[in-house]
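Subject: Handover of a structure

Dear colleague,

Please find below the sequence and structure that I am handing over to you. A summary of what was found follows.

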Amino acid sequence: MSKIISIHSFRGGTGKSNTTANLSSIMANKGLKVGVVDTDIQSPGIHVILGLAEEDMHNTLNDYLWGKCDIEEATHDVSANLGIANGQLLFVPSSIKPGEIARVLREGYDVGLLNDGFQSLIDALDLDVLLIDTHPGMNEETLLSIAISDALVIVMRPDQQDFQGTAVTVDVGRKLDVPDLLLLVNKTPQVYDVDDVKARVESIYNSEVAAVLPHSDELMALASEGVFVLKYPDHEIAQKYAVVAERLLRD
């Protein structure tokens, strides 16, 4: 049975796309067939982390939503680029062409097609896991992605703006009856006590904190040029991401 996992944050800059790239790479390295869809159509970026250049995007999610191709035809196998040998990582990017982003903002699209596309990907490609990199905040496609998910990972930073926004997302996830809701606290200053942060966040939201990730100079220096867990597999952050991946794959 395939599993759908949405990775979300209430606002940008939390590390949502990095989290999606790292978790999907770990899962693929376990021998699984993993799909990733970038539904952040207004500000796509995960393609950079996954090593997919603009000139190699033969089709995108935008083309599928506008009826130009089937969603499987917008799928790119990035496994070899990333050095994943055991499993497979299949990626559907959003267009990074300014004109096509402007068209989305101007004309919109049939959001219902997303649900059809997700299921088509799972069925046609025989995926074990589908990860959805959502748009920050709350819009129609984000609500749809959360509603059809088996698990929702909410990425947040330990600051007041994120605390307030995350409360909204947790409430929405519960109202949509997401079976498995997890929090991931990212970019935590080194001076903070990890156990205290975990206890505080779990108390505030009455939700499981899957991991508290520290601020990392190595991650910042990587500057999205690759997947962190593949480049630094022995790093503390990589090990914590591995724990989160195992937790999400648990039946």
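The notes below concern the sheet, the helices and the largest pocket. Please bear in mind that this is a predicted model.

The sheet
Eight strands make up an open sheet with mixed pairing, and their order is 3-4-2-5-1-6-7-8. Strand 3 (76–77) and strand 8 (208–214) are the edge strands, each pairing on one side only. Strand 3 is joined to strand 4 (residues 88–92) by two bridges, in the antiparallel sense. In this part of the sheet, His76 stands opposite Phe91 of strand 4.

Helix 12 and its neighbours
Helix 12 lies across five strands, namely strand 1 (3–8), strand 5 (129–133), strand 6 (151–156), strand 7 and strand 8, and runs at about 165° to strand 8. Helix 12 (residues 236–249) also packs with helix 1 (residues 16–29), at an angle of about 70° and with the axes 9 Å apart. The two helices, helix 1 and helix 12, are therefore roughly perpendicular to each other. On the side of helix 1, the contact is made by Asn18, Thr19, Asn22, Leu23, Ile26 and Met27; helix 12 contributes Ala238, Tyr241, Ala242, Val244, Ala245, Leu248 and Leu249. Of the residues in this contact between helix 1 and helix 12, ten are nonpolar, three are polar and none is charged.

The largest pocket
The volume of the largest pocket is about 440 Å³. It is lined by 28 residues, of which Gly15, Lys16, Ser17, Asn18 and Lys187 are the closest to the centre. At least two lining residues come from each of helix 1, helix 2 (46–49), strand 7 (180–188) and helix 10 (217–222). By type, the lining of the largest pocket consists of ten nonpolar, 14 polar and four charged residues. Asn18 thus appears in two places: among the residues closest to the pocket centre and in the contact of helix 1 with helix 12.

Yours sincerely

Methods
Residues numbered from 1 in each chain as written. Predicted model: local features only at pLDDT ≥ 70, side-chain atom pairs only at ≥ 80, totals over all residues. Heavy atoms only, no water. Axes fitted to C-alpha atoms, helices over the stretch in contact; angles between N-to-C directions. Helix = DSSP H or I, 4+ residues; strand = E, 2+ residues; numbered from the N terminus. Parallel < 35°, antiparallel > 145°, perpendicular 65-115°, else oblique. Contact = heavy atoms within 4.5 Å. Nonpolar A, V, L, I, M, F, W, Y, C, P; charged D, E, K, R; others polar. 1 Å grid on protein atoms, 1.4 Å probe; cavity = no way out; pocket = protein on both sides within 12 Å on 5 of 7 lines; lining within 4 Å. Points joined across faces, edges and corners; volume = space filled by probe spheres on them. Pairing = 2+ DSSP bridges.
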